[in-house]
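Q: I have a model open and would like to learn how to read its features one at a time. Could you walk me through some of them?

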Amino acid sequence: MKFRKAELGDWGARASLTIAALMVMAASANAQQLPHSLRDALLGHKGPAETRRVAAPPVARYVSEAGGGFIFDQAAPRPLMKFDNSAEVWVLSPQAASRGDVIYRNDLGEPVLRVTKLGGMILFTDDAPMGAAAALSGRATSIQPPSILSFSVFIQRVRIATARASRAAQRDIEFSTVEDVRPETSVLAADSATVVAEAFERMARKGDRSLISRIARVLLAEGHKPAASLKDGSLTITYSPDQGVAGRPSSKRIIKVLNR
């Protein structure tokens with residue numbers, strides 16, 4: 001697909017479209033404010049309210065004691081997670097752990113969440129690598145992506161990603177699709193653009209603009225497995241429709257590739 005000032009055409013047309021750039025709960029809860037059931041879960045103890053603890057809904061919002069909230073969606077075919085301050089949806093893989101706990105890992109194999117046998121939740125982030133307790137806030141709406149996007153919505157989402165990436169790089173970044181984007185691949189292609197923008201912004205916040213400076217354009221390509229590669233100033237993001245929402249690399253994987 002191509003993004004031009006000229007007429008774009010419909011989904012079935014061959015596209016060569018190049019996009020010119022358009023451009024937590026932060027208040028932390030102290031130990032007294034945290035539900036005692038959360039502290040008990042982390043310590044492996046049962047408090048007075050243990051007998052009346054209610055199981056978390058399959059799609060719920062949590063608040064970390066380190067600050068910030070996130071949605072954990074266990075109703076989707078693959079467990080999904082999304083932070084309040086981010087557009088990226090993380091696809092997680094569950095793994096059994098000791099004491100009956102379950103660890104949920106990202107596509108790099110890094111632990112993101114640990115759910116204890118007693119129902120406690122521990123969140124692992126770059127700022128809290130040893131883990132921070134997370135308390136249930138309430139029910140949430142599913143973050144499972146739709147099956148298809150309209151052509152206009154697809155263009156809008158890629159334009160937004162282009163603008164975000166360009167701001168992070170402090171210069172214009174081109175986004176292009178290598179082949180046709182079909183209705184059934186539109187969500188994954190748009191999501192691939194979004195995670196690139198997330199990666200650029202994460203690197204910019206950490207002062208890694210030198211990594212971004214190596215990139216002149218972003219190519220979105222359909223393939224057999226999700227991947228990211230950099231060659232001659234072109235960052236190619238390969239997405240695999242056969243793998244559903246898991247069929248594109250995460251922002252962390254993209255950053256790892258750029259750090260090589």
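Q: Is D101 buried or exposed?
A: Happy to start there, and please keep in mind that this is a predicted model. Burial is read from relative accessible area, with under 20% counting as buried. D101 has a value of 4%, so D101 is buried.

Q: Where does D101 lie, and which residues does D101 touch?
A: Look in the loop between strand 6 (93–96) and strand 7 (102–105), where D101 is placed. Setting aside residues up to four places away in sequence, D101 touches Q95, A96, R114, V115, T116 and K117. One of these partners deserves a closer look: the D101 side chain reaches the backbone nitrogen of K117 at 2.9 Å.

Q: Thanks! Now for helices: how do I describe a packed pair?
A: Two packed helices are described by the angle between their axes and the distance between the axes. Try helix 2 (residues 151–169) and helix 3 (residues 186–205): they pack at an angle of about 15 degrees, and their axes are 8 Å apart. Because angles under 35 degrees count as roughly parallel, helix 2 is roughly parallel to helix 3. Their crossing is left-handed.

Q: Which residues make the contact between helix 2 and helix 3?
A: From helix 2 come F154, R157, V158, A161, R164, A165 and A168. Helix 3 brings S186, V187, A189, A190, D191, A193, T194, A197, E198, F200, E201 and A204. Sorted by class, this contact has 12 nonpolar, 2 polar and 5 charged residues.

Q: Is there a general idea that helps me read such a list of helix positions?
A: Yes, there is one to keep at hand. An α-helix has 3.6 residues a turn, so residues three or four places apart point the same way.

Q: What about A199: where is A199 placed, and is A199 buried or exposed?
A: A199 is also part of helix 3. Its relative accessible area is 0%, so A199 is buried. Leaving aside neighbours within four places in sequence, A199 is in contact with S251, I254 and I255. A199 and S251 show how sequence and space can be read together: they are 52 residues apart in sequence, while their C-alpha atoms are 4.6 Å apart.

Q: How many residues of helix 5 are buried?
A: For a whole helix, count its buried residues. Helix 5 (residues 251–258) has 6 of its 8 residues buried, so helix 5 is largely enclosed by the rest of the structure. The buried ones are S251, K252, I254, I255, V257 and L258.

Q: What covers the buried residues of helix 5?
A: The cover includes strand 5 (90–91), helix 3, helix 4 (209–212), strand 13 (227–231) and strand 14 (234–239).

Q: Which residues other than glycine have a positive phi?
A: Two to look at are Q170 and D232. Phi of Q170 is near 60 degrees, and D232 has a positive phi of about 50 degrees. Q170 lies in the loop between helix 2 and strand 11 (174–177), and at 59% relative accessibility Q170 counts as exposed. D232 sits in the loop between strand 13 and strand 14, and at 69% relative accessibility D232 counts as exposed.

Q: One last loop residue: is A128 buried or exposed?
A: A128 is buried, with a relative accessible area of 14%. You will find A128 in the loop between strand 9 (121–123) and strand 10 (132–139). A128 and A66 are 62 residues apart along the chain, and their C-alpha atoms are separated by 7.5 Å.

Note on methods:
Residues numbered from 1 in each chain as written. Predicted model: local features only at pLDDT ≥ 70, side-chain atom pairs only at ≥ 80, totals over all residues. Heavy atoms only, no water. Axes fitted to C-alpha atoms, helices over the stretch in contact; angles between N-to-C directions. Helix = DSSP H or I, 4+ residues; strand = E, 2+ residues; numbered from the N terminus. Parallel < 35°, antiparallel > 145°, perpendicular 65-115°, else oblique. Left-handed = near helix turned anticlockwise from the far one by under 90°. Contact = heavy atoms within 4.5 Å. Nonpolar A, V, L, I, M, F, W, Y, C, P; charged D, E, K, R; others polar. Buried < 20%, exposed > 50% of the residue type's maximum accessible area, 1.4 Å probe, protein only. Polar contact = N/O pair within 3.5 Å; in protein donor to acceptor, adjacent residues only side chain to side chain.
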